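Biologist: Got the model open? Let's go through what is inside.

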Amino acid sequence: MKKLVSLVLALCLLLSVAVVAQAEGKTVINVYRCTFNLAQPDEAQVKKVEDAINAYIADKIDVEIKLTDISSGEYTEKANLALANNEINLLWTASWEGTIGTNDLVPMNAVYDITDLLPGTALYESMDAGQWEATKYDGKNYFIPVYKDNVEGYDFMFRKDLVDKYGWDITTVEKLADLEPMLADAASEGLKYPFLTQKTPMFYRWYIDKFDFFTANSATNFFAVDRETNEVIDTILTPEYAEFCKLMGDWAEKGYISEDEVTKTTTDTTTQTQDWAISWWTDLPNNVEANSRYGQEVVMQPATQRYAHSTSALGSCYCITANSTEEQAKAAIDFMGLLYTDSTLADIYTFGIEGEDFEYTQAEGQEIKHVTQHSDKYNHSMWESASATVVTPLDSEPDDKAESYIAFNGGANTSCAAGFRFDKTPVEAQYTACANLFEQYGFALENGGVPADAVDDYIAQYQNELDAAGYQDVLAAFQEQYNAWKAE
């Protein structure tokens, strides 16, 4: 009898909890995100942030979140396991993430199609239609981009002290070859790295005005859409590729590019030294950020135009998981809509608890409040959290941060291939085999590892090896899929 009474009481308690939850009308969603700024998130502080978020949104939307923070080193493994166990409703991801990246989730049917749920919502209206168009897969919306620097373009970067010393007029530099006189000065200075590639293959960056490298992967930059013809082509056989590789080979022979680039012995902190003269920079709304990153003053000159394309807006994004109910999907959209339009919520979600994790400050000369972060328990950045238009600027950022991001993204070109996604499943083995050949051939070609007079023969050998690995099968699949996408 006692067991029966206990069971009845337990059932009544569960029923009462359910009734209360139903009466409150809250839909619970599980949110998983990655922590980049801390070695390990503090679970107690994450729970405190979760409680603060739920208290703030309680009278605004009928949503309650359960927040899980995972360190970047463990994120892919743990989030993938939780995804497999249907424990996630709203997941942070990115085009460059492994296993749970945007290019993995769609083929896995792991993401919710939100195309019909978006129109008319605060979330949809929080950014321009071009952002939604550029992030589509097969004409459908599966991802919610974080509104940040969501276009791609590159600059030539110069050490300011050398510009002043030699009187370089960097505004005259329109293409790579225009750097030659300046590199000669830098070599005479005795610098180890007159032209610092940062051990990065740069063809697909310097030539984005000519091609849309839609794989967004330097190891497969031999596939691209020619912007002029709007056709998928083999870039290895283009005059542009030979031109670039010969220039790199010539500069290496002249001592402008160090063999350290090919052997990958330059370090990620080389840019913080005075051993280099000219390098590259990914264009940002606020390029002066480079000064603090590199610990010295640098100046930029645009090298390319900026483009919104298939992966540029997916460098940081969220998705609603396919296991979610329609009610949970709508709740996630409501939450994201508020997160992308409400500064208070965006600040809590990004920076944590005011007075514990961050402070609002307003230095002399600043027209608006800024944020100073000081927490080792909860610490995120705008780029992996919420829209740049609502997250309060850091104390190191300008007052007009929001406006600068809108102008930056709005001033970009929309690529002819924006929205196209390649399904490599039918030719995955050949695709992987070709990508592996890049390290042997492409990397050396693009970092000055092949003398200029040997480039043509080396490219021919490269192409032969690619063809033997199944390149033509992959190229044909790309072309077929792209033509079908254009015809839709």
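**Cavities, cores and a strand**

Modeller: Sure. This is a predicted model. The count comes to 1 cavity of 30 Å³ or more.

Biologist: What volume does the largest cavity have?

Modeller: About 60 Å³.

Biologist: Which residues line the largest cavity?

Modeller: The lining is Glu152, Tyr204, Ile208, Phe211, Asp212, Phe213, Arg227, Tyr307 and His309.

Biologist: How does the lining split by class?

Modeller: There are 5 nonpolar, 1 polar and 3 charged residues.

Biologist: OK, switching to packing. How many residues are in the largest nonpolar core?

Modeller: That core has 71 residues. Those with the most contacts inside it are Phe158, Leu176, Leu179, Phe195, Trp206, Trp251 and Tyr462. There is also a second, separate core of 69 residues. Val63, Ile65, Met127 and Leu314 are among its members.

Biologist: Any general background on that?

Modeller: In soluble globular proteins, nonpolar side chains tend to be buried together.

Biologist: Now strand β10. Why is β10 described as largely enclosed by the rest of the structure?

Modeller: Strand β10 covers residues 276-282, and 6 of its 7 residues are buried, so the rest of the structure largely encloses it.

Biologist: How does β5 run against β10, parallel or antiparallel?

Modeller: Antiparallel, with 5 bridges joining β5 (residues 154-159) to β10. In that pairing, tyrosine 154 is opposite threonine 282 of β10.

Biologist: And β6, parallel or antiparallel to β10?

Modeller: Parallel. Strand β6 (residues 193-195) is joined to β10 by 2 bridges.

Biologist: Which residue of β10 stands opposite tyrosine 193?

Modeller: Tryptophan 276.

Methods:
Residues numbered from 1 in each chain as written. Predicted model: local features only at pLDDT ≥ 70, side-chain atom pairs only at ≥ 80, totals over all residues. Heavy atoms only, no water. 1 Å grid on protein atoms, 1.4 Å probe; cavity = no way out; pocket = protein on both sides within 12 Å on 5 of 7 lines; lining within 4 Å. Points joined across faces, edges and corners; volume = space filled by probe spheres on them. Nonpolar A, V, L, I, M, F, W, Y, C, P; charged D, E, K, R; others polar. Core = buried A, V, L, I, M, F, W, Y, C linked by side-chain atoms within 4.5 Å. Buried < 20%, exposed > 50% of the residue type's maximum accessible area, 1.4 Å probe, protein only. Helix = DSSP H or I, 4+ residues; strand = E, 2+ residues; numbered from the N terminus. Pairing = 2+ DSSP bridges.
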